[in-house]
Amino acid sequence: MSGFCNDCKKWIKKYNGKLLKNTALYEYNEKMKDYFQKFKFLGDYYFLNVFNQELRKFVQKEYGSNWLYVPIPISIKSYQERMFNQVEGLFSGVNFTRALIVQSEEKKQQSKLNRNERLRRKQPFKLNSQYEEIVKDKNILLLDDIYTTGRTLYFAAEVLKNAGVKKIETITLAR
């Protein structure tokens, strides 16, 4: 398994050789960390404009209308603190399906967890029951802001696969 990062090696083992295809437009570095600090944690919503057009064009060009676009939800607590879902902001203008997957219970913010804590988390998502029939045999593109360990995206993918989704891919601004 040379050529794979340690996280990917873990996912290959856990999911019998099946990795999620994730496209990250940028590397998560100090500049990106600063960007997310201002946008996501300090609430400067104007910063969504920095990458929004590029994300929207990429999604439309690469995936088109044969896919359902699903943003990763944030917890109620995070929403109350920020007053916006940063993923929905980054991908505004993309015709996404909000609330297809929802947080099943309040958890400590992912950004406040270290790598091992993230990987040990229990499933935080469930499928919104009103979408059960809609997702069967569909292609779904999960939208997220940052791919750190992949744990969040794999949790969301598990819920969707169990609901009969045909194909799942993911896109993040940074990894």
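In strand β6 (residues 167–174), Lys167 is the bridge partner of Asn139, where a strand is a DSSP run of E with at least two residues, a helix is a run of H or I with at least four residues, and both are numbered from the N terminus. This is a predicted model, in which local features need pLDDT of at least 70 and side-chain atom pairs count only at pLDDT 80 or more, while totals for chains, interfaces and linings use all residues. Residues are numbered from 1 along each chain as its sequence is written, and side-chain values use heavy atoms, with hydrogens and water left out.

The pair Asn139 and Lys167 belongs to a longer match, for seven bridges join β5 to β6 and the two strands run parallel; strands are said to pair if DSSP finds at least two bridges between them. Leu143 stands opposite Ile171 in β6 as well. Between β5 and β6 the chain passes through helix α8 (residues 151–162), and this β-α-β crossover is right-handed, a term that applies if, with the strands pointing away from the viewer, the path from the first strand over the helix to the second runs clockwise.

Strand β5 (residues 139–146) also has a partner in strand β2 (residues 67–71), with which it pairs in the parallel sense over five bridges, and here Tyr69 stands opposite Leu141 in β5. Strand β6 in turn pairs with strand β1 (residues 21–26), again in the parallel sense and over five bridges, with Ala24 opposite Thr172 in β6. In a regular strand the side chains alternate between the two faces of the sheet.

How well are these elements covered? Buried here means under 20% relative accessible area, exposed means over 50%, and partly exposed lies in between, with a 1.4 Å probe and protein chains only. By that scale eight of the eight residues of β5 are buried, and seven of the eight residues of β6 are buried, so β6 is largely enclosed by the rest of the structure. Helix α8 is mostly covered too, with nine of its 12 residues buried, among them Leu153, Tyr154, Phe155 and Leu160.

The length of α8 can be checked against a simple rule, in which the expected span is 1.5 Å times one less than the number of residues. For the 12 residues of α8 this gives 16 Å, and the end C-alpha atoms are 17 Å apart, which agrees. After α8 comes Gly164, whose phi is positive, near 95°.

Another helix, α5 (residues 86–90), contains Glu88, which counts as buried because its relative accessibility is 17%. Leaving aside residues up to four places away in sequence, Glu88 touches Pro71, Phe96 and Arg98, where contact means heavy atoms within 4.5 Å.

Seen as a whole, the protein chain has eight helices and six strands, and from the N terminus on its elements run α-β-α-α-β-α-α-β-α-β-α-β-α-β. Its radius of gyration is 16 Å, close to the 16 Å that the globule rule gives for 175 residues, so the chain is as compact as a globular protein of that length; this radius is taken over C-alpha atoms, and the rule is 2.2 Å times the number of residues to the power 0.38. Buried residues make up 47% of the 175 residues in the protein chain. Of the contacts in the chain with a separation of 6 or more, 78% are between residues 24 or more positions apart.
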